[in-house]
Amino acid sequence: MTDIIKLTAAETAEKIASGELTAVEVTEAHLARIEAVDEKVHAFLHVDREGALAQAGAVDAKRAAGEKLGPLAGVPLALKDIFTTEGVPTTVGSKILEGWIPPYDATVTKRLKAADVVILGKTNMDEFAMGSSTENSAYGPTGNPWDLTRIPGGSGGGSSAALASHQATLAIGTDTGGSIRQPAAVTGTVGVKPTYGAVSRYGMVAFSSSLDQGGPCARTVLDAALLHEVIAGHDVLDSTSIDAPVPPVVEAARNGTVRGMRVGVVKQFRGEGYQAGVVQRFDESVELLKELGAEVVELDCPSFDLALSAYYLIAPSECSSNLARFDAMRYGLRVGDDGTRSAEDVTAITREEGFGDEVKRRVILGTYALSSGYYDAYYGSAQKVRTLITRDFEKAFEQVDVIVSPTTPTTAFPIGERADDPMAMYLADLCTIPTNMAGNAAMSLPCGLAPEDGLPVGLQIIAPAMKDDRLYKVGAAVEAAYLERWGHPLLEEAPSL
Amino acid sequence: MPGITREEVAHLARLARLELKAEELDHFAGQLDDIIGAVARVSEVADQDVPPTSHPLPLTNVMRADEVRPSLTPEQALSGAPAQERQRFKVPQILGED
């Protein structure tokens, strides 16, 4: 049992394809693990036991009939509760959608099913993906499997915690300002934000449409690549979906190397607010890259200093507009409809009741930033900063193949520590946000434990748009070198649950 | 840059269709003031001759053929409705009595 849940996705799929394991056995092992530990971790909001076993049974039947199986057939996956799932509850971590059962599948959900991936259930998240700690979930926080009193990162904390506690082999997240990479960093797992437009947003509940990007979460770089190939690719149902071939990410993950590559280190991803142990592990990673044959180049990207400020104007502005659809009329919660109130009043009362603090804060902030008189000073200026960030990246990628940085300035902080201080919470996204603003691709992978607290540190790799394969090429090389140095995967050092 | 007052938060909440409680108005006014103070730095570039970027992709209008295709049934479309009547969404009154 224990052995099954510790396998990688690549190993699991191979054992199922060869008949060494059945998909049902694999799924049952994970359902048993969820049963045993999720009360403590709270990675899942909804476990679809019957659906998962039915999907697994179908995989086994397909194999028995000699039909061709997908590359991840029978591998169990935890799906962030932001993707619609036909017949299975979808809440986005919010009370306003409590009990809602979508009548359709998101494109990502559809592609997972078509690839014979087994969807175990829906994972916990910050409400509407707004947050850096998973404390903003209306259904209670998720614990970090390294230390249950600490945050698992946000907003996709449930997905990463499910991986780190071996409740699922693969997971899906979404990354608007770092919500895939940041949880990956603080849980010692791998997370990838693909190029904007690479993975369809159809059926993914919208937070900030120009920034939101779905992507793979896994325990190894190769597993993330295998999942990337399943979910990426053009979708006619999403007008922002890129109509171009998916870069060869799996091939890159199987052939990791940095020899002869130029790797950029950005001056602005340094400075105050960075934990000493995080900086130490990052510096060691830069040394490692040199040892592996890369040339390291210092870069200056002055506009990155304004990225956090611009992000916290653009994302709330788009969210205040996107969340207008939660009006209590067609789906979700309705409060105060007593026959005397107008539709407008019912909407206002329902939204007050259904939204949590962080969502309300951002809706008000966005309404303010977009209001007449302030539009140019805030939203307009933020969009200019966005242009400057894109130009800084363009200039940087003329000199280097990839950029590296710490993924987060600190390791996982204690649950509740930053709850009443929004600005302190927003700092967690310092290193991840420039990439969302420019739309290019980035990955986080483990690069060791911070000496002062024994918690995981993430290394971020950033690549130009549509060059997602470079992330996997560099990531696989770094991962292999660290595996050799440590003698085992970093997760094995996590205190057992 | 002007700070954000309690009255302003109340006005914004009305615009955003959020019926905030009195204590929330106080709470948010303080926090939003801090946030605005911190993010207002973006206006440092406001005078520069920089074109704004609203989206990482150059968006063009994507059209498809105007054909009838299978879609959700009325039952599916109404399945999440808080109230329904005769295959329609039932909503509270929109116009006043006078």
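In which sense do strand β4 (residues 170–174) of chain A and β6(A) pair, and over how many bridges? They pair in the antiparallel sense, over four bridges. The close-ups below come from a predicted model.

**View 1. Strand β6(A) and its two partners, β4(A) and β5(A)**. Strand β6 spans residues 214–218 of chain A. On β4(A), A:Thr174 has A:Gly214 of β6(A) as its bridge partner. Strand β5 (residues 190–193) of chain A also pairs with β6(A) in the antiparallel sense, here over two bridges. In that pairing, A:Val190 has A:Ala218 of β6(A) as its bridge partner. Five of the five residues of β6(A) are buried, so the strand is largely enclosed by the rest of the structure.

**View 2. Helix α8(A) against helix α17(A)**. Helix α8 covers residues 221–231 of chain A, and helix α17 covers residues 468–486 of chain A. Their axes come within 9 Å and cross at roughly 160°. Because angles over 145 degrees count as roughly antiparallel, α8(A) is roughly antiparallel to α17(A). From α8(A), the contact uses A:Val221, A:Ala224, A:Ala225 and A:His228. From α17(A), they meet A:Asp468, A:Tyr472, A:Gly475, A:Ala476 and A:Glu479. The residues of this contact divide into five nonpolar, two polar and two charged.

**View 3. A buried salt bridge between A:Asp81 and A:Lys122**. The closest N and O atoms of the pair are 3.0 Å apart. The two residues lie in distant parts of the chain, 41 residues apart. A:Asp81 sits in the loop between β2 (76–80) and α5 (107–114) of chain A. A:Lys122 belongs to strand β3 (residues 118–123) of chain A. Both A:Asp81 and A:Lys122 are buried.

**View 4. Two salt bridges with partly exposed residues, A:Arg150 with A:Asp147 and A:Arg341 with A:Asp338**. A:Arg150 and A:Asp147 bring their closest N and O atoms to 3.0 Å. A:Asp147 has a relative accessible area of 25%, so it is partly exposed. For A:Arg341 and A:Asp338, the closest N and O atoms are 3.4 Å apart. Is A:Arg341 buried or partly exposed? A:Arg341 is partly exposed, at a relative accessible area of 31%. A:Asp338 is partly exposed too, with a value of 47%.

**View 5. A salt-bridge network with residues from chains A and B**. A:Glu352 and A:Lys360 take part from chain A. B:Lys21 and B:Glu24 take part from chain B. Salt bridges link these residues in a network. Over all chains, a search of the whole structure finds 24 salt bridges.

Technical notes: Residues are numbered from 1 along each chain as its sequence is written. Chains are lettered from A and ligands numbered from 1 in the order in which they are written. This is a predicted model: local features need pLDDT of at least 70, side-chain atom pairs count only at pLDDT 80 or more; totals for chains, interfaces and linings use all residues. Side-chain values use heavy atoms; hydrogens and water are left out. Axes are lines fitted to C-alpha atoms, for helices over the stretch in contact, and angles run from 0 to 180 degrees between N-to-C directions. Angles under 35 degrees count as roughly parallel, over 145 as roughly antiparallel, 65 to 115 as roughly perpendicular and the rest as oblique. Contact means heavy atoms within 4.5 Å. Ala, Val, Leu, Ile, Met, Phe, Trp, Tyr, Cys and Pro count as nonpolar, Asp, Glu, Lys and Arg as charged, and the others, Gly among them, as polar. A salt bridge is a side-chain nitrogen of Lys or Arg within 4 Å of a carboxyl oxygen of Asp or Glu. Buried means under 20% relative accessible area, exposed over 50%, partly exposed in between (1.4 Å probe, protein chains only). Two strands pair if DSSP finds at least two bridges between them.
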